[in-house]
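Me: I should like to understand how the descriptive terms applied to this model are justified. Please take me through the reasoning.

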Amino acid sequence: MSVREASTPPHPYRRFVALGDSFTEGLGDPDPARPNGVRGWADRVAEVLGAQASVHDEEFGYANFAIRGRKMRGVLAEQLEPAIALDPDLVTIYVGANDIMRPRVDLDALVEQYDAALARLAANRARLLVWTAFDPGGSATYRLLRGRFALYNELVRESADRHGATIVDYWRLREYRDWRLWDEDRMHMGPAGHQRMAIEVLDTLGVAQFSRSSGRPFSDKVARSITREAPKDVR
């Protein structure tokens, strides 16, 4: 443990729960040592929060309920109540992309369901993080859905404002136009993309980030370096 780590004020989070689909499960960031075979940004965030809690002799718990392929109705039906039952003080939820990519979708009805779920989560007084959707304008495959994603984002912003949720603005993270941050399928983030998202989440939470090797906090410079030095198997 470095002197700087020991002197960093403890973060307030003791129970972190993540909800969602493949984005939060960690698809595209393989780790054969883990039960589901992936790591992902949420696990990376939990590792930092857990390590810092340990430095200050504080307890920390983490549960990731996210399941690949789930649409809005499935996430809310299967994950919401178990998450609330854990009485978390930090909740992240991003869902809806799988619905938006369907041939037909009622975005107003979709986000109405989401809004009701955010109301339930906010009632528990947990810190609540939600996401805007990624801007697919640079993708030949998904650019035709750009209008749908943009409308979804505006509806999510309204809901977040209503319930006091903090937004991680994926739409404005222009680094993700670099395909090296993506998996070969160009639908899921690769390891470098998940690392970049973990940094964004920790920055949004105001949590200092330390590398285990150097003890120095990650900075924007490090984030840019991660982008430039993406693994060769990420396109």
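Reply: The questions below concern two helix pairs and a pocket in this predicted model.

Me: Why is helix 6 called roughly parallel to helix 7?

Reply: The axes of helix 6 (residues 107-123) and helix 7 (residues 146-163) cross at roughly 30 degrees and come within 10 Å. Angles under 35 degrees count as roughly parallel, and therefore helix 6 is roughly parallel to helix 7. Helix 6 passes helix 7 in a right-handed crossing. Among the residues making the contact are Val111, Tyr114 and Leu118 of helix 6, and Leu151, Tyr152 and Leu155 of helix 7. By class, the residues of this contact are 10 nonpolar, two polar and four charged.

Me: What makes helix 3 oblique to helix 8?

Reply: The axes of helix 3 (residues 40-55) and helix 8 (residues 191-205) cross at roughly 50 degrees and come within 8 Å. That angle is not under 35 degrees, nor over 145, nor within 65 to 115, so helix 3 is oblique to helix 8. This crossing of helix 3 with helix 8 is right-handed. Residues of helix 3 including Trp41, Val45 and Leu49 meet residues of helix 8 including His194, Met197 and Val201. Nine nonpolar, three polar and one charged residue make up the contact.

Me: Which residues lie nearest the centre of the largest pocket, and what classes make up its lining?

Reply: Ala97, Met101, Trp182, Met187 and His188 lie nearest the centre, among 24 lining residues. The lining has 15 nonpolar, six polar and three charged residues. Helix 2 (22-25) and helix 5 (97-100) each supply at least two of the lining residues. The space in this pocket is about 410 Å³.

Note on methods
Residues are numbered from 1 along each chain as its sequence is written. This is a predicted model: local features need pLDDT of at least 70, side-chain atom pairs count only at pLDDT 80 or more; totals for chains, interfaces and linings use all residues. Side-chain values use heavy atoms; hydrogens and water are left out. On a 1 Å grid over the protein atoms alone, a cavity is a set of points where a 1.4 Å probe fits but cannot get out, and a pocket is an open set with protein on both sides within 12 Å along at least five of seven lines; lining residues have an atom within 4 Å of a point. Grid points are joined across faces, edges and corners, and a volume is the space filled by probe spheres set on the points. Helices (H or I, at least four residues) and strands (E, at least two) are DSSP runs, numbered from the N terminus. Ala, Val, Leu, Ile, Met, Phe, Trp, Tyr, Cys and Pro count as nonpolar, Asp, Glu, Lys and Arg as charged, and the others, Gly among them, as polar. Axes are lines fitted to C-alpha atoms, for helices over the stretch in contact, and angles run from 0 to 180 degrees between N-to-C directions. A crossing is left-handed if the near helix is turned anticlockwise from the far one by less than a right angle, and right-handed if clockwise. Contact means heavy atoms within 4.5 Å.
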